[in-house]
Amino acid sequence: ANLKENTPNRTNLNLNLNQPAKTTMMQSKWWTPAGAASSALLLALCMQRSSAFQSSSPLAFPLLSRGNLLASPSSSSPNTRSRILSGNVLCASTNNNDDDDSKKEEFYQNKDTTDEVKRIILDPYLPALDPTYSARGPIGESNFLITRLGPPTADELTNDQMLKIVKSQTTDLEVNTLVWKCMGYRFDPEKEIWSPDEVFPKWKERFPDPPDFIGMRRVYSKDVDEPSLRSNQALVRSIPAEFKQSLKPMLKPLGFMGFKLKELTPNKTRRAQCANWLIFYREELFGYTLEELKERRRLKKEAEDVAEAKRKEEGEEEEYVFKAPVKEVY
């Protein structure tokens, strides 16, 4: 009762903050024992409300564990966006609807949903940041057969080796090293450098130094990863159409059935593309000199021209078959 009697009416307060205060706090009518109790009560109510308040800042939305990627906005909520920052994922809400937080909580608690949308993004690999890593990094220490010295060997190009590449049973450096050797880069152990002395001519013009086909640093920001992405794309474009899908037929007898879409990561995709190119190299280029390869290409072109001329003479209609453009390495 005393609190109600001594608390001034809210409508009678002058809350014009632009005017200087005329009284000090000790002189104010509010500064009474009952007024102090009222202030404490209001403060307690504010604290209670603030404890239930859900902030809409990016950090209020749960962080996924390092190395996991949230699904794209289309597969979860239209109000959810994700950003990859060196292997971490920050999720921010784009509006302040009351139902957003319950939807987010339901999403994270739904195990079936998260199992479908999670994709593994590998953490940055710090040793690969060393400029000398390609020359000094460890290779051949596991059951993957590889050495920096000399040209590639038949034992390094077996299907068992290709299977280890796609199943991530090798390091990124070992995969790169094998592709470099097949491309014609040769390692000088004294100078600890890779030289392009035997590289295919057209490839040598664009890549005088061996490129990183995998992205060994595993940092997928554009400024860091784009050279690796472009070199991998150039590698894929050099594969003829008849060898584009040779990975699964070659490795199926060993139990490889391909990847599911949700299993793919940049690292796995590029490993598969390198293995596909290595199979093409083994079947078509391995063991031949540059002059022999050019002669084989000429004979193949002549045979195709003869078949085309015969088809026209017989009046057969040409069946259109799309062929992806191929940029050969020689």
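The following exchange examines salt bridges and one helix packing in a predicted model.

Biologist: Why is the pair R136 and E192 called a salt bridge?

Modeller: The closest N and O atoms of R136 and E192 are 2.8 Å apart. A salt bridge requires a side-chain nitrogen of Lys or Arg within 4 Å of a carboxyl oxygen of Asp or Glu, so the pair R136 and E192 qualifies.

Biologist: What makes this pair a tie between separate parts of the chain?

Modeller: R136 belongs to helix α5, whereas E192 sits in the loop between β5 and β6, so the salt bridge ties together parts that are 56 residues apart in sequence.

Biologist: How do you know whether R136 is buried or exposed?

Modeller: The relative accessible area of R136 is 55%. Exposed means over 50%, so R136 is exposed.

Biologist: Why is K164 called buried, and D160, its salt-bridge partner, partly exposed?

Modeller: K164 has 10% relative accessibility, and buried means under 20%, so K164 counts as buried. D160, at 40%, falls between the limits of 20% and 50%, so D160 is partly exposed. Both residues lie in helix α6, four residues apart, about one turn of the helix.

Biologist: What makes the crossing of helices α9 and α11 describable in numbers?

Modeller: Two packed helices are described by the angle between their axes and the distance between those axes. For α9 and α11 the angle is about 35 degrees and the axes are 10 Å apart. The crossing is left-handed, and the residues in contact comprise five nonpolar, three polar and two charged.

Key: Residues numbered from 1 in each chain as written. Predicted model: local features only at pLDDT ≥ 70, side-chain atom pairs only at ≥ 80, totals over all residues. Heavy atoms only, no water. Axes fitted to C-alpha atoms, helices over the stretch in contact; angles between N-to-C directions. Helix = DSSP H or I, 4+ residues; strand = E, 2+ residues; numbered from the N terminus. Left-handed = near helix turned anticlockwise from the far one by under 90°. Nonpolar A, V, L, I, M, F, W, Y, C, P; charged D, E, K, R; others polar. Buried < 20%, exposed > 50% of the residue type's maximum accessible area, 1.4 Å probe, protein only.
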